[in-house]
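User: Please take a close look at the salt bridges here and at the setting of the residues that form them. Which parts of the chain do they connect, and what surrounds those parts?

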Amino acid sequence: MDKIPLAIVGCGGMGHRHLYGLAELHNAGLSPFELVGACDPVRANAESLADDAEERLGVRPQVVESLEELEALGVAAVDITTTPRYHHTVAEEALERGWHAMIEKPVGLTVRAGNRIRKAAEKSGTIVSVAENYRRDPMNRLGKALLDVGVIGSPRLMIHNTMGGGSHMTISVWRHQKNESGVLLDVGVHFADILEFYLGPVSTVYAQSRLHEPIRYNPAAGPEGRSTSNPSGVYGKWQKEMPAQFEATAEDASYATILFENGAVCQFIEDHAAHGQGVWTRQIHGSAGSLELPPDRSGQLITLHKDGESICDASLLDLVPDFHLEPITAALFGGDRLWGYEFPFPVTDRKLLAVEYGELGLAIEDGGSIEVDPTQGTRSVALSYAMLESSVAGRALSLEDVLAEKADAYQLEIDEELGLA
């Protein structure tokens, strides 16, 4: 079967990470794609990605600076890894050209931007996926399987608390700017997706949000800079060129109570400005026990607490005899019934990105389903913003009102700047 001509659009740090995922799929003999284009208006970024692609894939994609130039390459699919403020414009143009697309999360910079992508996808009839990888972690797959068979009974309470970061920059300057994404969206959209992955649709959100650290520091700045937040080690060369300190305009902490349609409640803390002891907790408590879930993409173990005992070994699999990972995930992680794994983070990262590519390829070739489509991706954006909108409104908000753009006071200035208001 002929390979699907693919281009990566946006060749910065995330574009390079996606390339590594594509190479992982290729090296496993599972890739249906041929990377034909590296597209970025900053040509040096596209050249860098093309050089890496040649080393990892054996073929150098054509370097271009616009979607128009991709036409001549016969592109059938694009992977959109620009910064979030450009997702909706690039996606709309790509979908109008009839190209299939994978869009890095968050699917859009605002709910309105996400809704535009969703409508464009519906109109185009193309395959569109959102690159959300936390739910694809084999440990979250196992956790969901345990929950679904009723091991802990009916879920009552989820606790999701993560705290740390202090005043340091998280990966890049734009992740601390309200009109570029903000860390509560860029990171928080992962957590929003995980909440609905485990417990289903959210109905109501009440939250308080804060900007605790208005000045952020970049330890990696300059030639003598120290290591900083740098997933998969791909951002360092850009971080050295970023300012040593800068003003943050996006909130960095949310404290929320979240109600699900099934009646379960989540006590949620996402604080990227916490000093002192860091916190990571994700637990689900039910009518017959509780699950203690590990950090995403860590391979660490799930612990089941039930009937006065704790289980965190292979015997968890005995409780879910029908649990099997998807074939591509199983091939990449080394088994279809995993209860743990041990890979360095960069390896895990590219394996999960490879799974995303694999799903997209199967959907294009065989009409397979997309797990995180623009509708689900926009729900995660809406849940992230529901916490910020609730804080502005000073009251609980329904997620449906945020999705319907009826509660958008926080987002309004962003939409105005994007020309979407």
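Analyst: A residue counts as buried when its relative accessible area is under 20%, as exposed when that area is over 50%, and as partly exposed in between. The model is predicted. By that scale Arg116, at a relative accessible area of 35%, is partly exposed, whereas Glu92, at 16%, is buried.

The side chains of Arg116 and Glu92 form a salt bridge, with N and O 2.9 Å apart. Arg116 belongs to helix H5 (residues 111-124) and Glu92 to helix H4 (residues 87-96), so the bridge ties together parts that are 24 residues apart in sequence.

The helix that carries Glu92 deserves its own description. H4 is largely enclosed by the rest of the structure, because seven of its 10 residues are buried. The buried residues of H4 are His87, His88, Val90, Ala91, Glu92, Ala94 and Leu95. Glu92 is thus one of the buried residues of H4 and also the acidic partner of Arg116. After H4 comes Gly98, which has a positive phi, near 85 degrees.

Another acidic residue, Glu371, takes part in two of the bridges described here, one with Arg135 and one with Arg141. In the bridge to Arg135 the closest N and O atoms are 2.9 Å apart. That pair links distant parts of the chain, with Glu371 in the loop between helix H11 (345-366) and helix H12 (374-393), Arg135 in the loop between strand S6 (128-131) and helix H6 (138-148), and 236 residues separating the two. In the bridge from Glu371 to Arg141 the closest N and O atoms are 2.8 Å apart. Arg141 sits in helix H6 and Glu371 in the loop between H11 and H12, so this bridge ties together parts that are 230 residues apart in sequence.

The accessibility of these three residues is as follows. Glu371 is partly exposed at a relative accessible area of 28%. Arg135 is buried at 7%, and Arg141 is buried at 11%. Glu371 therefore falls in the range between the cut-offs of 20% and 50%, while both arginines fall under 20%.

Salt bridges that share partners also join Arg43, Glu47, Asp51, Glu54, Arg60 and Glu65 into one network. Over the whole structure, a search finds 30 salt bridges.

A further charged residue can be described through a polar contact. Glu24 is in helix H1 (residues 13-27) and is buried, at 13% relative accessibility. The side chain of Glu24 makes a polar contact of 2.9 Å with the side chain of Lys351. With neighbours within four places in sequence left aside, Glu24 is in contact with Leu332, Arg350, Lys351 and Ala354.

Covalent links between cysteines are a separate matter. The search for disulfides over the whole structure finds zero. Cys39 is in no disulfide, and the nearest cysteine sulfur, that of Cys11, is 6.9 Å away. The cut-off for a disulfide is 2.5 Å between sulfur atoms, so that distance does not qualify. Cys39 counts as buried at 3% relative accessibility, and Cys266 counts as buried at 0%.

For contrast in setting, consider a loop residue without charge. Leu211 lies in the loop between strand S8 (202-210) and strand S9 (215-217) and is partly exposed, at 33% relative accessibility. Apart from neighbours within four places in sequence, Leu211 is in contact with Ala248, Thr249, Ala250, Glu251 and Asp252. The C-alpha atoms of Leu211 and Ala273 are 8.4 Å apart in space, with their positions 62 residues apart in sequence.

The chain as a whole gives the context for these pairs. The secondary structure comes to 14 helices and 17 strands. Of the contacts with a separation of 6 or more, 75% are between residues 24 or more positions apart. Buried residues make up 59% of the 421 residues. The radius of gyration is 21 Å, which agrees with the value near 22 Å for a compact globule of 421 residues. Along the principal axes, the C-alpha atoms fill a box of roughly 65 × 50 × 45 Å. The accessible surface is about 16,200 Å², and 49% of that surface belongs to carbon and sulfur atoms.

Notes. Residues are numbered from 1 along each chain as its sequence is written. This is a predicted model: local features need pLDDT of at least 70, side-chain atom pairs count only at pLDDT 80 or more; totals for chains, interfaces and linings use all residues. Side-chain values use heavy atoms; hydrogens and water are left out. A salt bridge is a side-chain nitrogen of Lys or Arg within 4 Å of a carboxyl oxygen of Asp or Glu. Helices (H or I, at least four residues) and strands (E, at least two) are DSSP runs, numbered from the N terminus. Buried means under 20% relative accessible area, exposed over 50%, partly exposed in between (1.4 Å probe, protein chains only). The radius of gyration is taken over C-alpha atoms; the globule rule is 2.2 Å times the number of residues to the power 0.38. Contact means heavy atoms within 4.5 Å. Accessible areas come from the Shrake-Rupley method with a 1.4 Å probe; for residues, only the protein chains shown count as cover. A polar contact is a pair of N or O atoms within 3.5 Å; within protein, one must be able to donate a hydrogen and the other to accept it, and residues adjacent in sequence count only if both atoms are side-chain atoms.
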